[in-house]
Amino acid sequence: MTTTDAYTLAATELLKAGTPVADIAAQTGMSHGEIAALAETEGLTATHARQTMKELIEALAWGEKHDTKKAQNLAARARTALTELVQLRKSEALVAQAEAEVDELKQQLAQAEQKLRAAKTGKPVAVAATTPDSKGDREKIRAWARRNGYEVADRGALSQKIMDAYANRDQVPELRAAG
């Protein structure tokens, strides 16, 4: 296998996983044009996805109207499974949103506790910036996290674990491992 083949395979897997093109380019060194051509060749474009979805919906409708019970039962089971998947997806999205809210509130609580300690002791305590300043900063941190093996949502607040890892990204590995 050549190096080019390895990058192409990696890019294909990243495309299938829904990784943003900019991240794929950063990880593989491929240009956006090369990635677009690869997506077209592999049938991974939005046009391909719409066509596949249309075919699936048509097959489901065909099965539901079919003369045989076997086809009708398969279609019914498929529809039930899809409905369950949609509910599971919605549920996970709500959990992720709630977790993001909890993380944000924990950060606010930690800052408030630092301020309280400072007020009680009379000594000012520096409060570190724990949230990115802009959407661009959040996207930059998300891209860094993905490149470094962290799982991170496309939207919402970043977890404290990700923020801490990003803040400490330039430490020497021995210090990072000790922490």
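Helix H5 is the top contributor to the lining of the largest pocket, giving ten residues. Keep in mind that we're looking at a predicted model. The pocket itself has a volume of about 1,000 Å³. It is lined by 30 residues, and those closest to its centre are Ala96, Val152, Ala153, Asp154 and Arg155. Besides H5 (69-121), the elements that give two or more residues to this lining are helix H6 (135-147) and helix H7 (160-167). As for chemistry, the lining splits into twelve charged, twelve nonpolar and six polar residues.

H6 and H7 come up again once you turn to the aromatic rings. The count is two aromatic pairs. Take Trp144 and Tyr150 to begin with: their ring centres sit 5.8 Å apart and the planes meet at 25°, which is under the 30 degrees cut-off, so this pair is stacked. Trp144 has a relative accessibility of 12%, so it counts as buried. Tyr150, at 27%, is partly exposed.

The other pair brings Trp144 together with Tyr166, and here the geometry is edge-to-face, with 5.5 Å from centre to centre and 80° between the planes. Trp144 belongs to helix H6 and Tyr166 to helix H7, so this contact ties together parts that are 22 residues apart in sequence. Both Trp144 and Tyr166 are buried.

Put the two pairs side by side and you get a cluster: ring pairs link Trp144, Tyr150 and Tyr166.

Note on methods: Residues are numbered from 1 along each chain as its sequence is written. This is a predicted model: local features need pLDDT of at least 70, side-chain atom pairs count only at pLDDT 80 or more; totals for chains, interfaces and linings use all residues. Side-chain values use heavy atoms; hydrogens and water are left out. On a 1 Å grid over the protein atoms alone, a cavity is a set of points where a 1.4 Å probe fits but cannot get out, and a pocket is an open set with protein on both sides within 12 Å along at least five of seven lines; lining residues have an atom within 4 Å of a point. Grid points are joined across faces, edges and corners, and a volume is the space filled by probe spheres set on the points. Helices (H or I, at least four residues) and strands (E, at least two) are DSSP runs, numbered from the N terminus. Ala, Val, Leu, Ile, Met, Phe, Trp, Tyr, Cys and Pro count as nonpolar, Asp, Glu, Lys and Arg as charged, and the others, Gly among them, as polar. Rings of Phe, Tyr and Trp (its six-membered ring) pair if their centres lie within 6.5 Å; planes under 30 degrees apart count as stacked, over 60 as edge-to-face and the rest as tilted. Buried means under 20% relative accessible area, exposed over 50%, partly exposed in between (1.4 Å probe, protein chains only).
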